[in-house]
Amino acid sequence: MRELDFLGATMLQLLGGVPLTVGLTAGSVAVGAVLALLLALLRANSRPGAALVSAYVFVFRGTPLLLQIFFIYYGAGQFAFVRASVLWPFLREPWCCALLALALNDAAYASEILRGGFAAVPKGAVEAGRAVGMTRLLLLRRVVLPLAIRQALPAYGNELIAMVKSTSLASLVTLMEVTGIAYAIISETYRAIEVFLCAGAIYLVLNFALTRAVAVLEAKLGPAGT
Amino acid sequence: MNTSNPFVLLGFGPNGWGASLVAGAAMTLAVSIAAYLVGLVFGGLAAWARIAGPRPARRLVGLYTTVFRGIPELLVIYLVYFGGSEALTSLGHLFGRSGFIGLDGFLAGTLAVGLIAGAYQTEALRGGFLAIPRGEIEAARAVGMGRLLMLRRVIAPRALRFALPGMGNVWQQVLKESALISVTGLSELMRAVNVASDSTRLPFDFGIAGFALYLVLTSFSGGVFRNAERSLARHERAR
Amino acid sequence: MSEAVIEVRAVRKRFGAHEVLRGVSLTAHQGEVVAIIGASGSGKSTLLRCIPLLEAPDEGEIVIGGERLDPANRHQVERVRATLGFVFQSFNLWPHRTVLGNVIEAPVHVQRRPRGECVAEAEALLAKVGLADKRDAWPNELSGGQQQRAAIARALAMRPRALLFDEPTSALDPELVGEVLRVIRALAEEGRTMLIVTHEMSFAADVSSRAIFLDDGVIAEEGPPGQIFRDPATERCRAFVRRHLERHLGR
């Protein structure tokens, strides 16, 4: 039964990394969502804004997340003025850098998803809102956004799972989330398969919970637009 | 004393890192192509099993795509790299080969990223198959085509045409995931950027160079896929 | 003469090189039911959409309840739109709200009336259009005829001073047209001010108090329904009405 003992002990150690994995995901997704909304609105409302946003999306979707994380974590510190600035205590922290990189990356993907959602809002629904005298803000809040979000939700659910997976890269800037702990155990014990099974199970459970949550939200928001 | 002139730094002279970055980019391209091909094999087999296989095979494919699309890529790379001997030995048994098989970064990276790519490729190929209008298959049956002929002349080309956008996405993903193979010490682009950054203490400059090189790779190869899509769809009228 | 609710004064509207409305004027008084007929492309839908400024006229004026609309004054336009009920050809229900949610949306959020009061009134309106049992259904669960009746309830919930119908039965399967026309007829009999763009000639002849024949962006003929539908003065109107009545009888 030594095998089971090892699996149990490994699992226990790995579970210690779950709060950090979940925290990084929640934090970066929250910041990313706000950024994505701003990007999507900027893109829709001005021509130079649209060019800026597409350049942003091009860079963040066209390069590896690992490079983005390293660039923020190591790259910023190259300059004396950054090291002297008030932001330095934050930019020195791997937690802040990883969160920032993840959020910026998520924003690029999520803004594209949201753009697809906006494009799918039925014209008639917007027209009906105008016809009853809705202001532009009310129309956005009560008609356009709910429909765009509802439409984008399935794709956004996939993006959320991608973000859970992406937090594993934080381990490469010293953060001991689930994958970081897994690496430490593997390099100590050389039992990659067992550790993989335990860590993999944790991620699959997290993904399953997220998928369920999105499904519940979809049901709550009603059917997708036609 | 290191120079900080970017033209010298990124150049190909004795103090320049240009050659090493370009070599890294070439390695990234090589390992990505290898991984993509591995993924194509896995994905092709899995999609076939998913569409036409018996129930246990379909279950197995479901497990494969769920696991390798749901678990962090880095973890898969650790599994293959560190558990390489274990995994490869059992895989060797599967192909009738016994004994220990050594593993280097390129091989481990190719296999790991290929396994992941295969899981996504399965979905892309299956989606392509499902998108074929039923009538086209019926028409093939009506003119008396056999199963194999139909697969070769109708199903494969049509499925490819519908699967190609998804297959292009898988390629982009592979190209970016290949950066994670740097943890095995393989000198691909990400590693070349890291080495240059550490040696010169100019992580910002080399980070920018890394962004530029990756963007060249992703946008150039994206163009290749777009051309392929266009040429496969060339007979179709715009609707 | 009673008070003018809607006045359209010399409105012109062009889309690109094509001038859809070439100087149209019309007035709808309190309690009048005005039928607007004409061939496809004659500009009748555009004319109706110009009234709540869903399309901005290039020239001319829209006056609602004596108030001249200024397209640049968004606040005024929104306030006035809330006093008109617009029923679309394609229903345009909000797919993310239930039937009840659609009906109370604008009263609660645009007119800011108390929710409870709006719900009670919405339920009465749904009963009136025969959808009391569908209050919690989603729009995509309804037939076209039911969707359009829900859309009419939604328009009525604003307590509008006039109702504008833009081909309300054109998107419906033939067997669903009747249920919608019955609801509109009942509203006409209540003495509501209504403008109806429609291809249903016999229905228009029946419910309208005045009819307008629009031809190539201008009003070619206008008068009591007895004249327009039975004894038109112009040859084009005569041909148009005959064609549509025949099609209706042939069905």
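This section describes a predicted model of three chains, A, B and C, beginning with chain A and the contacts between chains and ending with a cavity, a pocket and a sheet.

Chain A contains 11 helices and 0 strands, so that, by the run-based assignment of secondary structure, its elements read α-α-α-α-α-α-α-α-α-α-α from the N terminus on. Along the principal axes, the C-alpha trace of chain A extends over about 70 × 50 × 25 Å. Of the 226 residues in chain A, 52% count as buried, and about 10500 Å² of the chain is exposed, with carbon and sulfur atoms supplying 71% of that area. When contacts in chain A are restricted to residues at least 6 apart in sequence, 78% of them join residues at least 24 apart.

Between chains, 2 pairs are in contact, and of these chains A and B share the most contacts. Chains B and C, by contrast, are joined by no contact, and their closest C-alpha atoms are separated by 23 Å.

Helix α8 of chain A, which comprises residues 123–131, has as its buried residues A:Gly124, A:Ala125, A:Glu127, A:Ala128, A:Gly129 and A:Ala131. The cover over these buried residues comes in part from chain A itself, through α9 (136–166), and in part from chain C, where α1 (44–50), α2 (74–81), β6 (84–87) and α5 (144–156) are included. Just after α8 of chain A, the backbone at A:Gly133 adopts a positive phi of about 90°.

Two residues of this helix, A:Ala128 and A:Ala131, also appear in the lining of the largest cavity, and the number of cavities of 30 Å³ or more comes to 1. The largest cavity has a volume of about 60 Å³. Besides the two alanines, its lining includes A:Val132 from chain A and, from chain C, C:Leu84, C:Gly85, C:Phe86, C:Phe88, C:Arg154, C:Ala155 and C:Met158. At least two lining residues are supplied by each of α8 of chain A, β6 of chain C and α5 of chain C, with β6 of chain C giving the largest share, 3 residues. By residue class, the lining of the largest cavity divides into 8 nonpolar, 1 polar and 1 charged. The elements β6 and α5 of chain C thus recur here, having also been listed among those that cover the buried residues of α8 of chain A.

The second largest pocket, with a volume of about 1100 Å³, involves chains A and B. Its lining is made up of 31 residues, and those nearest the centre of the pocket are B:Phe42, B:Tyr64, B:Phe68, B:Leu91 and B:Leu115. Two or more residues of the lining are given by α11 (192–221) of chain A and, in chain B, by α2 (18–52), α3 (55–70), α4 (73–82), α5 (84–94) and α6 (105–130). The lining of this pocket comprises 29 nonpolar and 2 polar residues, with no charged residue.

In chain C, 4 strands form an open sheet in the order β2-β1-β4-β5, with antiparallel pairing. The edges of this sheet are occupied by β2 (18–29) and β5 (67–68), each of which pairs on one side only. Within the sheet, strand β1 (residues 4–15) runs antiparallel to strand β4 (residues 59–64), to which 5 bridges join it. In the register of these strands, C:Ile6 stands opposite C:Ile64 of β4.

Definitions and conventions. Residues are numbered from 1 along each chain as its sequence is written. Chains are lettered from A and ligands numbered from 1 in the order in which they are written. This is a predicted model: local features need pLDDT of at least 70, side-chain atom pairs count only at pLDDT 80 or more; totals for chains, interfaces and linings use all residues. Side-chain values use heavy atoms; hydrogens and water are left out. Two strands pair if DSSP finds at least two bridges between them. On a 1 Å grid over the protein atoms alone, a cavity is a set of points where a 1.4 Å probe fits but cannot get out, and a pocket is an open set with protein on both sides within 12 Å along at least five of seven lines; lining residues have an atom within 4 Å of a point. Grid points are joined across faces, edges and corners, and a volume is the space filled by probe spheres set on the points. Ala, Val, Leu, Ile, Met, Phe, Trp, Tyr, Cys and Pro count as nonpolar, Asp, Glu, Lys and Arg as charged, and the others, Gly among them, as polar. Contact means heavy atoms within 4.5 Å. Buried means under 20% relative accessible area, exposed over 50%, partly exposed in between (1.4 Å probe, protein chains only). Accessible areas come from the Shrake-Rupley method with a 1.4 Å probe; for residues, only the protein chains shown count as cover.
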